[in-house]
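Visitor: Please take one part of this structure and look at it closely, setting it in the context of the whole chain. I would like a connected account rather than a list.

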Amino acid sequence: MASIRMLLVGAPGTEFRRAAELAREAGADVAMADGPGDALGMLRASGGDLVMIDVETDVPLFMASLRAERFTIPVLACGIGASAERAVAAIRAGARDYVPLPPQRDLIAAAIASVVQRKPPELIGDNPALARALALASAVAPSGAPVLVTGERGSGKETMARTIHEASGRGTAMLVVECAGVAADVIESELFGHEEGAFVGAVARRIGRFEKAGTGTILLREVSALAPATQARLLSTLQEQRFTRVGGREPVPFHARLIATTTLDLEAAVSAGAFRADLLVRLGLVRVDVPPLRARGDDAARLARHFAQRLAEADGTRERAFSDDALALVTRYGWPGNIRELEDCIHRAVLLARGTRIEASDLVRSDGSRLIDLETSEPHRFQVQGLVGHTVEEVERELILQTLERCHGNRTSASSILGISVRTMRNKLRTFIEAGIPVSPAP
């Protein structure tokens, strides 16, 4: 199984620390630090994916130090019978959550291992568009070329990226960096690292993700969110195969494989001046388009059965089959949230179902509405409006515009669904605009 790299922060001799040692002995990818100072040193040198810190340590000091040194790693505060005041203080200091732990050492170790160990990514289905994407991913995986993975939110872009990484033969873990919602100066330190004294708070050298990745893979989520200056540094890194840390002069070699994901139409972003054309050329040398779930036909039903089996096993509940009506409803629904929305819906059904099977009435969205009721009140979510009586030109235009709307303006996804090139899509949209037909966003 693939592992996230977790850093446990707690004083030696505590039950929390002993449990962490048990988890590591069981094979979990866990590093341990005695306190906030040691933890910061390990993060500067080796990075990490998640921090669990004993609430009895100085969590506010640790969180303040992370902010000062521009770390974006998520932090969970943990405690065994800790007071409410300490838990609240940890959350107020910036910890993402407080996790109460059981007093038994083996149970704590199991809880840590369950967080660290993750199932390998899976791409389930036999839809032709997905098969084409997987074939392209498999073909380019052994190379070192950058890959741009496009698709809607929740469609499986990161899963596709992990599939490419695992097929590449690169033994190290894939490092993931979230670009959206992160300040430009913070993301630069995250990617390139920084030297001591580079800015106020830079008390020591930090090794960035590009350096830490070595010869492995680094994934940039939502690369379209990078600031112009960071885009320029990224382009230079790809062209020169080296970079400098923030505040430094010594060149650092770049050997990693870069994969970037985006939900946006980067060609439109280039036209709007929000993304560099030369960077898009470099990133888009190989482009893998992940189709939305609504374009994958019976794959929704296959995924539903898979999720029901896996989630029932994980939750310790009885595995139930789907009724024919439930599977038909799963197939008809448009799933605007894609695979992520489907998995959440099936998880609720696994927990809520009371009969021997999962029925259509057990399929509930996150807002509490049932799919079976939604089909009556909002039928457009389940089927395209009938176009009988219209000309072929009108049918084509309506199909293109509705598909584009369903794809939230993403021309790449819409083109993939329709089986046409992005250039053809762009020319069609320009023709519509010239005829006075509104298109949003404009090409």
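Guide: A residue counts as buried here when its relative accessible area is under 20%. The model is a predicted one, and the part I have chosen is strand S5, residues 75-79. Five of the five residues of S5 are buried by that cut-off, so the strand is largely enclosed by the rest of the structure. The side chains divide between two directions: Val-75, Ala-77 and Gly-79 point one way from S5, while Leu-76 and Cys-78 point the other way, and all of them are buried. For the chain as a whole, 45% of the 443 residues count as buried.

The setting of S5 is an open sheet of five strands, arranged in the order S3-S2-S4-S5-S6 with parallel pairing. At the edges stand strand S3 (30-33) and strand S6 (97-100), each with a single partner strand, so that one side of each is left without a neighbour in the sheet. Between neighbouring strands of this sheet the average turn is 25°, with direction ignored. In general, strands of a sheet pair through backbone hydrogen bonds, in either a parallel or an antiparallel manner.

In the order of the sheet, S5 lies between S4 and S6. The pairing with strand S4 (residues 50-54) runs in the parallel sense over four bridges. Two positions of this pairing can be followed residue by residue: Met-52 stands opposite Leu-76 in S5, and Ile-53 stands opposite Ala-77 in S5. Leu-76 and Ala-77 point in opposite directions from S5, and both are buried.

Turning to the empty space inside the model, the count comes to one cavity of 30 Å³ or more. The volume of the largest cavity is about 90 Å³, and its lining includes Phe-71, Thr-72 and Ile-73, together with Leu-43, Gly-47 and Gly-48. Also among the lining residues are Glu-190, Arg-206, Arg-209 and Lys-212. Sorted by class, the lining of this cavity has four nonpolar, four polar and four charged residues.

Stepping back to the whole chain, the model has 19 helices and 16 strands. The C-alpha atoms fill a box of roughly 75 × 60 × 40 Å along the principal axes. The radius of gyration of the chain is 24 Å, which agrees with the value near 22 Å that a compact globule of 443 residues would have.

Terms used: Residues are numbered from 1 along each chain as its sequence is written. This is a predicted model: local features need pLDDT of at least 70, side-chain atom pairs count only at pLDDT 80 or more; totals for chains, interfaces and linings use all residues. Side-chain values use heavy atoms; hydrogens and water are left out. On a 1 Å grid over the protein atoms alone, a cavity is a set of points where a 1.4 Å probe fits but cannot get out, and a pocket is an open set with protein on both sides within 12 Å along at least five of seven lines; lining residues have an atom within 4 Å of a point. Grid points are joined across faces, edges and corners, and a volume is the space filled by probe spheres set on the points. Ala, Val, Leu, Ile, Met, Phe, Trp, Tyr, Cys and Pro count as nonpolar, Asp, Glu, Lys and Arg as charged, and the others, Gly among them, as polar. Two strands pair if DSSP finds at least two bridges between them. Axes are lines fitted to C-alpha atoms, for helices over the stretch in contact, and angles run from 0 to 180 degrees between N-to-C directions. The radius of gyration is taken over C-alpha atoms; the globule rule is 2.2 Å times the number of residues to the power 0.38. Buried means under 20% relative accessible area, exposed over 50%, partly exposed in between (1.4 Å probe, protein chains only).
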